[in-house]
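Hi everyone, thanks for coming. I'd like to walk you through one structure today, starting with its ligand and ending with one strand. Have a look at the picture first.

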Amino acid sequence: MSLSQKLFDKAKEIIPGGVNSPVRAFKSVGGTPPFIREAEGATITDVEGNSYTDYVGSWGPMIAGHSHPHVVKAIKSVVEKGTSFGAPTHAEIYLAQKISEIVPSMEMVRLVNSGTEATMSALRLARAATKRDIILKFEGCYHGHADSLLVKAGSGAATFGVPDSPGITAKTAEDTLNCPYNDLEAVENLFSQKGSEIAAIIVEPIAGNIGCVLPKDGFLEGLRKICDNYGSILIFDEVMTGFRVARGGAQSYYNIKPDLTTLGKIIGGGLPVGAYGGRRDLMEQISPSGPVYQAGTLSGNPLATAAGLAMMKIISAPNFYEDLDKKTQRLTVGISAVLSRVGIPHLGTRVGSMFGLFFTDLSVVENFDHASKSNINQFNRWFHGMLNEGVYLAPSQYESGFLSSAHNEEIIDETIAAASKVANTLK
Ligand SMILES: *Cc1c(COP(=O)(O)O)cnc(C)c1O
């Protein structure tokens, strides 16, 4: 029995499912997750000393690779001066200013500790500001685990939500409506019936939690227009896409200005950080300048803030995103070519260094329904084959992959060579 297997068994006795976040448990692909000992650059190493090229990047944050020396140095430089004060600090102003400079729609910024906190707080603000209850989200979009966001509709047309998890009240679920991603007509229909009751649309501007699904031309613009027409608030959940698909996130990539934006992942350089922000008139309603309550004991703590600031500096280097884009293209084109060579039907998607790979006959994947028609069995064999070859991919067909600036061409070519071997076994 491997050491990871032993640890996994032990973990399951004391931690639900053996993990502190569900996908880590490899439930959908089967098998035992390697327990990780350390990571550096593009490589993670498990407790038995096996090394893998990492395309998960802690699910997004590690855009500069693991243990980036500047991030490590920034953390070290503050750690001996106290790890949390619960009182304001200078560095929080710097980080908020930096975020606002990079994402100009965020005129004011509040730091929190996770993406979940960011989306939950943005929704509360939207409801308070509009004095409306209903939220519209999209099927398959993940916005963290707050009650009102763990809801999706049944298949097909927009309908009142049913909870995705026990423990969420029917009343809460009722206030969350769902439409299929990329279906502007469904959104328009819904607003024509209930527009005056809808506080906000919350959307991943590139859907990253059903694989990587791009918005169709006009979809995000359409949402902007509908929100303007009905006085609803447009929230871009850029916890994944922020600082990822472009320095200024998806809103700069597609040139659309949301009212509120939520951030997480990259913003903390691998430490627990999230943020939300947007229009000044809205953000001024947050406590203590306004009545909408939101707080956090560890929010803006010096470690997280230092790591975040170091990260903002790294991503602001000249050509950072151009280089990532080129390298990711090399990877996705290379993998697609080896799969095509052996006749495996698939569809690759990509924006910058965020990518998806669906094992499917479909020529487009526009929404959750399309994504769910993928060949899961083939994906699982692909996943385990690649892991066996030392390539660590997300253990689910419905996740996006990420490249970091630490992945060089040599590493990428090794991954393509591994893919070539694995592809032969997939038929
Ligand atoms: C990861 C993610 C979240 C949740 O962030 P946590 O830090 O895990 O709470 C929210 N929205 C999107 C789009 C995400 O990808």
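Before we start, one term: a polar contact here is a pair of N or O atoms within 3.5 Å. Also keep in mind that what you're looking at is a predicted model.

Okay, the ligand. Which residues sit around it? They are S114, G115, T116, Y142, H143, G144, E204, N209, D237, V239, M240 and K265. If you sort that shell by type, you get 3 nonpolar, 6 polar and 3 charged residues.

Now let's zoom in on some contacts. With G115, the partner is the backbone: one of its polar atoms there lies 2.8 Å from an oxygen atom of the ligand. With T116, it's the side chain, where an N or O atom is 2.6 Å from a ligand oxygen. K265 also uses its side chain, with an N or O atom 2.6 Å from an oxygen of the ligand. And how much of the ligand does the protein cover? On its own the ligand has 380 Å² of accessible area, and the protein covers 83% of that.

Right, on to strand β5, residues 134–138. Is this strand enclosed or open? Well, 5 of its 5 residues are buried, so the rest of the structure largely encloses it. You can see that on both faces: I134, L136 and F138 are buried on one side, and I135 and K137 on the other.

What about its partners? β5 runs parallel to β10, residues 198–203, with 3 bridges joining them, and I135 stands opposite A200 there. β5 is also parallel to β9, residues 176–179, through 4 bridges. In that pairing, K137 faces N178.

Note on methods. Residues numbered from 1 in each chain as written. Predicted model: local features only at pLDDT ≥ 70, side-chain atom pairs only at ≥ 80, totals over all residues. Heavy atoms only, no water. Near = heavy atom within 4 Å. Polar contact = N/O pair within 3.5 Å; in protein donor to acceptor, adjacent residues only side chain to side chain. Areas by Shrake-Rupley, 256 points an atom, 1.4 Å probe, with all protein chains shown as cover. Nonpolar A, V, L, I, M, F, W, Y, C, P; charged D, E, K, R; others polar. Buried < 20%, exposed > 50% of the residue type's maximum accessible area, 1.4 Å probe, protein only. Helix = DSSP H or I, 4+ residues; strand = E, 2+ residues; numbered from the N terminus. Pairing = 2+ DSSP bridges.
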